[in-house]
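Biologist: Could you take me through one part of this model in close detail, and then show me how that part sits in the rest? I would also like to know how far the prediction can be trusted.

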Amino acid sequence: MEERMTVCNMSIEGGARAGLVAPDETTFSYLKGRKYLPKGEEFERCVQDWKSLSSDEDAVYDQEIILDGSLISPMVSWGTNPGMASGVDGKVPTFAEEIMDPKELNRAIEYMGLEEGMPITEIPVQHVFIGSCTNSRIEDLRQAAEMIEGQTVQKGVRAMVVPGSQSVKRQAEDEGLDEIFKSAGFEWRESGCSMCLSMNPDVVPAGEHCASTSNRNFEGRQGAGARTHLVSPAMAAAAAIHGKFVDIRNLKRTEQVQ
Amino acid sequence: MEPITIYKGRAAALDRKNVDTDQIIPKQFLKRIERSGFGEFLFYNWRFDENGKERPDFELNQPHNQNTSILIAGENFGCGSSREHAPWSLKDYGFDIIIAPSYADIFKSNCMKNGMVPIALTQTEVNYLMERVSAPDYELTIDLPNQTLKDGQGFETSFEIHPYWKEMLIKGWDEISITLQYDKEISAYESQKNLYRVFNRKSHFPFSFLI
């Protein structure tokens, strides 16, 4: 459910005014028993009402796009807008590929301090920010904690977790996630916008790279000259441990073998 | 707001795509509570270096782009954060009209709500204008009622705009001006007895407390 919220949040970066996911059993079970919601029979009446909110079967759309999430590699943005991204097993584009305006590509890789064709896994990471309204709900923090449990943040990396709200923070603490983060070397912070747009002192210094679970990687967003790479919470957590981007699918496989 | 009907002005070209609102008005300037005075921070990190000195290579710092009131830019202009400070800063700097192949939707409506006209032309037309605007005598004329744009040197094209926004801009209205036209009806409605009972939690609509 909370991953759906991330998708809706990020639809704006795709040019949308809003992103919606039709309510279904996942939605209803997520809502059941939550504070501020009706209980018992009244809740069931609400569910019946919510079921009517899905699009009609014969609804007509301007365009339908079907994506198979299982075929998408964990994504890492390499450039200066969220569309400039590649799978972690991919590379920074080359001019010869002609997939985008060469002027835009040149501006982006110059700002980001990257070379064309460079593998994503060779990008060094000095900062890790797990936070923001996009990606710091409880499910996000659980995934990140699972990725780093019993390990230590790479030397030279500053890593922080900023829960999405005070209630997420309390819940994470009740589940012991804060201890997992702190013992790995992460800062465990109060909720807030923090390094998503760096209006407070949480700033990435010029020229340094940050693996960030926030929604925007525009020039200067995390500080003048800061180089932001947008990733999922699990990818950000793994980057903190390794000091670079790693394919978390391989990590999971290795663990299973062990 | 100032009504816009027939508009004449000189244009500046910013030949960049996907210009985001973090570039238009960086976050460190979002702290003031007025709508005015943001122009001096427009494109701050592009306009000024670390010491606050103008960067001579940035488009808007070049001599031929001084005293322009129309901005021509690349596709997807105004993407990213929906901050309304973006149109405020462009307007405060002196831009009333934006021309680009496409816009981020929220930015586009924020412009119109602040009395600016975001005009979408084809990429070919935008390229054509960008090549010519630096000439000192080059001026564009926008005829909003007739939805046309011309340069007085033979170039003429038309553009789309929703009739609602067109009327708002021609009359110089914002949404508050429109609401105020219903002042009598609003007062009559508000003088009803027990008006706020409809917001009671126990009304038939389960989420009335969210209103």
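Modeller: Happy to! One cut-off comes up straight away: two strands count as paired if DSSP finds at least two bridges between them. Strands 4 (residues 158-161) and 5 of chain A are joined by two bridges and run in the parallel sense, so this pair meets the threshold of at least two. Please keep in mind that everything here comes from a predicted model.

Within that pair, Met160(A) stands opposite Glu187(A) of strand 5. Both strands belong to an open sheet of five strands in chain A, with the order 5-4-3-6-7 and parallel pairing. Strand 5 (187-188) is an edge strand, as is strand 7 (227-230), and each of the two pairs on one side only.

Now let's move from the sheet to the packing around it. The largest nonpolar core has 51 residues, and the members that touch the most others are Val128(A), Met235(A), Ala236(A), Ala239(A) and Ala240(A). Strand 4 is among the elements that give two or more residues to this core, as are strand 3 (127-130) and strand 6 (209-212), alongside helices including helix 5 (138-148) and helix 7 (177-184). The biggest contribution, eight residues, is made by helix 8 of chain A. There is also another core, apart from this one, with 46 residues, among them Tyr103(B), Met116(B), Val126(B) and Leu149(B). As a general point, nonpolar side chains in soluble globular proteins tend to be buried together.

Helix 8 deserves a closer look. It covers residues 233-242 of chain A, and nine of its 10 residues are buried. The buried ones include Pro233(A), Met235(A) and Ile241(A), along with a run of alanines from Ala236(A) to Ala240(A). Met235(A) reaches well along the sequence: leaving out residues up to four places away, Met235(A) touches Pro74(A), Val76(A), Val88(A), Phe245(A) and Ile248(A). Just after the helix comes Gly243(A), with a positive phi near 70°.

One of those partners, Val88(A), leads us along the chain to Asp89(A), found in the loop between strand 2 (85-87) and helix 4 (102-112) of chain A. Asp89(A) is classed as partly exposed because 15 other C-beta atoms lie within 10 Å. Its contacts, again without residues up to four places away, are Ser73(A) and Asp247(A). The C-alpha atom of Asp89(A) is also 7.3 Å from that of Thr121(A), although the two are 32 residues apart along the chain.

What about the partner chain? The contact takes 19 residues from chain A and 17 from chain B. On the side of chain A, helix 3 (residues 40-51) gives the most, with four residues. By class, that side has nine charged, six nonpolar and four polar residues.

As for trust, the predictor gives the complex an ipTM of 0.86 and a pTM of 0.89. Chain B has a mean pLDDT of 91, with 91% of its residues at 70 or more. The stretch to treat with care is residues 198-211 of chain B, where pLDDT stays under 50 and the model has 12 contacts beyond four places in sequence. In general, predicted coordinates should not be read in detail where pLDDT is low.

Notes:
Residues are numbered from 1 along each chain as its sequence is written. Chains are lettered from A and ligands numbered from 1 in the order in which they are written. This is a predicted model: local features need pLDDT of at least 70, side-chain atom pairs count only at pLDDT 80 or more; totals for chains, interfaces and linings use all residues. A residue is buried if 20 or more other C-beta atoms lie within 10 Å of its own, exposed if 12 or fewer, and partly exposed in between; C-beta atoms are placed from the backbone. Two residues are in contact if their C-beta atoms, placed from the backbone, lie within 7 Å. Ala, Val, Leu, Ile, Met, Phe, Trp, Tyr, Cys and Pro count as nonpolar, Asp, Glu, Lys and Arg as charged, and the others, Gly among them, as polar. A nonpolar core is a set of buried Ala, Val, Leu, Ile, Met, Phe, Trp, Tyr and Cys residues joined through C-beta atoms within 7 Å. pLDDT is the predictor's confidence in each residue, from 0 to 100.
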